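Work through these exercises with the model open beside you. Try each task before you read its solution.

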Amino acid sequence: MSNQVASDKLTKSEQRTKKVAHFVSEYGILLALLLMVVILTMLSPNFLTSSNLLNLFRQVSINAVLAIGMTFVILTKGIDLSVGSILALSGIVAASLSVGPDSNLLLGIIAGLAVGLLFGAINGVVVSKFKVTPFIATLGMMAIARGFTYIYSDGQPISGLSEPFLAIGSGSFLGMPIPVWIVIIAFIICSIVLYKTKFGRYVYAVGGNENATLTSGISVNKTLMSVYCISGLLAGLAGVILASRVSSGLPQAGVSYELDAIAAVVIGGTSLMGGRGRLWGTLVGALIIGVLNNGLDLLAVSSYWQQVIKGTIIIIAVLVDRKRS
């Protein structure tokens, strides 16, 4: 009888341990974000001011848009290293068509999005049809898109943008920066696509087991093509936001942005091995990266040490992912 009671106690203890482990696994990044906010609030009196938070949200919005697209790609066990360069090219094209008060706002936005979609589609074709590994395909596209950016702009920034275009990055609606509204809309649409459609299930299936997905009749090529299109389209959107926010199209914009996007996705709990992840985690991951950058700037930490800290966090996130897998 006593052995039975001890066994029951052990079972309950194991269940509690599993529940705690599950909670930490699911919501640990939220706790980490809250902890960072508390620490930075104590270390810097300027951190929790409304002006700094609005600036923080505007900065995070660009990485969040990129990271949402990157989540689709990584869920299929891929990677997209070209988003930073596509962002720059899209921003340059959108800015060039938005110079002067008589420019057409929609034309500039649509052109920027179209450029992102086009280069994303090319990535998709190279990866799905020609079976080039995503790392190599998007690495090449990173150089190609950056080259076209310098060719199109002749290496010079494009300024003199119209007021309506500038409002995309610097304006507010209902007290909230417009870029934040864009992130919310992109998140809702992408969540519906990922969680409420057959395509979303195919994305998880391709990342989980590509061969099994193929034998079950699902078009792996179409799925891969689509995820790179989504990533490119959102990179184009991020380019439009960035060009508007900095009041010019900059050919050197977006350098190393792909690393921040990948870091946000991994920190948010999406597995680099594919088939497992969540969009809300990606948003929290982008916030963690943004809060970290903002906090280190406020604390006057040198940019060299910031790179070391961010790199360390990425490695820790990957190790945690491997442990979880």
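## Exercise 1: A helix and what follows it

Just after α11, glycine 269 takes a positive phi of about 105°. This value, like the others here, comes from a predicted model.

**Task.** Find out how many residues of helix α11 are buried, and what follows from that count.

**Solution.**
- Step 1. Locate the helix. Helix α11 covers residues 257–267.
- Step 2. Recall the cut-off. A residue is buried when its relative accessible area is under 20%.
- Step 3. List the buried residues of α11. They are Glu258, Asp260, Ala261, Ile262, Ala263, Ala264, Val265, Val266 and Ile267.
- Step 4. Draw the conclusion. Nine of the eleven residues of α11 are buried, so the rest of the structure largely encloses this helix.

## Exercise 2: Positive phi outside glycine

**Task.** Lysine 131 and serine 256 both need a look at the backbone. State the phi of lysine 131 and of serine 256, then place each residue.

**Solution.**
- Step 1. Read the angles. Lysine 131 has a phi near 55°, a positive value in a residue other than glycine. For serine 256, also not a glycine, phi is positive and near 70°.
- Step 2. Place lysine 131. It sits in the loop between α4 (105–128) and α5 (134–153).
- Step 3. Place serine 256. Its loop runs between α10 (220–245) and α11.
- Step 4. Check the accessibility. Lysine 131 has 55% relative accessibility and so counts as exposed, because the cut-off for exposed is over 50%. Serine 256 has a relative accessible area of 35% and is partly exposed.

## Exercise 3: Two cysteines

**Task.** Why is there no disulfide between cysteine 190 and cysteine 229?

**Solution.**
- Step 1. Recall the cut-off. A disulfide needs two cysteine sulfur atoms within 2.5 Å.
- Step 2. Check the distance. The cysteine sulfur closest to that of cysteine 190 belongs to cysteine 229, and it is 13 Å away.
- Step 3. Conclude. The two sulfurs are too far apart, so they form no bond. The structure holds zero disulfides.
- Step 4. Add the surroundings. Cysteine 190 is buried, at 9% relative accessibility. Cysteine 229 is buried as well, with a relative accessible area of 16%.

## Exercise 4: The largest cavity

**Task.** Which helix gives the largest share of the lining of the largest cavity?

**Solution.**
- Step 1. Count. There is one cavity of 30 Å³ or more.
- Step 2. Size it. The volume of the largest cavity is about 60 Å³.
- Step 3. Name the lining. It is made of Leu87, Ala88, Gly91, Ile92, Gly239, Leu242, Ala243, Val246, Ser248, Gly249, Leu250 and Ala253.
- Step 4. Sort by element. Those giving two or more residues are α3 (83–96) and α10.
- Step 5. Pick the leader. Helix α3 gives the largest share, four residues.

## Exercise 5: A nonpolar patch

**Task.** Where does the largest share of the nonpolar surface patch come from?

**Solution.**
- Step 1. List the members. Leu35, Val38, Ile39, Met42, Leu43, Leu298 and Leu299 form the patch. Together they have about 640 Å² of accessible area.
- Step 2. Find the source. Helix α1 (residues 2–43) supplies the largest share, five residues.
- Step 3. Look at one member. Isoleucine 39 lies in helix α1. It is partly exposed, at a relative accessible area of 36%.
- Step 4. Link to helix geometry. An α-helix has 3.6 residues a turn, so residues three or four places apart point the same way.

## Exercise 6: Sequence and space

**Task.** For three residue pairs, set the separation along the chain beside the C-alpha distance: asparagine 55 with leucine 66, serine 170 with serine 244, and tyrosine 202 with glycine 295.

**Solution.**

| Pair | Residues apart | C-alpha distance |
|---|---|---|
| Asparagine 55, leucine 66 | eleven | 18 Å |
| Serine 170, serine 244 | 74 | 7.2 Å |
| Tyrosine 202, glycine 295 | 93 | 39 Å |

- Step 1. Place asparagine 55. It lies in helix α2 (residues 50–75) and is partly exposed, at 31%.
- Step 2. Place serine 170. It belongs to helix α6 (residues 163–170) and is partly exposed, at 45%.
- Step 3. Place tyrosine 202. Its helix is α8 (residues 198–208), and it is partly exposed, at 29%.

Definitions and conventions
Residues are numbered from 1 along each chain as its sequence is written. This is a predicted model: local features need pLDDT of at least 70, side-chain atom pairs count only at pLDDT 80 or more; totals for chains, interfaces and linings use all residues. Side-chain values use heavy atoms; hydrogens and water are left out. Patches are made of residues with over 30% relative accessible area and no salt bridge: like charges are joined within 9 Å, nonpolar side chains (Val, Leu, Ile, Met, Phe, Trp, Tyr) within 5 Å. Accessible areas come from the Shrake-Rupley method with a 1.4 Å probe; for residues, only the protein chains shown count as cover. A salt bridge is a side-chain nitrogen of Lys or Arg within 4 Å of a carboxyl oxygen of Asp or Glu. Buried means under 20% relative accessible area, exposed over 50%, partly exposed in between (1.4 Å probe, protein chains only). On a 1 Å grid over the protein atoms alone, a cavity is a set of points where a 1.4 Å probe fits but cannot get out, and a pocket is an open set with protein on both sides within 12 Å along at least five of seven lines; lining residues have an atom within 4 Å of a point. Grid points are joined across faces, edges and corners, and a volume is the space filled by probe spheres set on the points.
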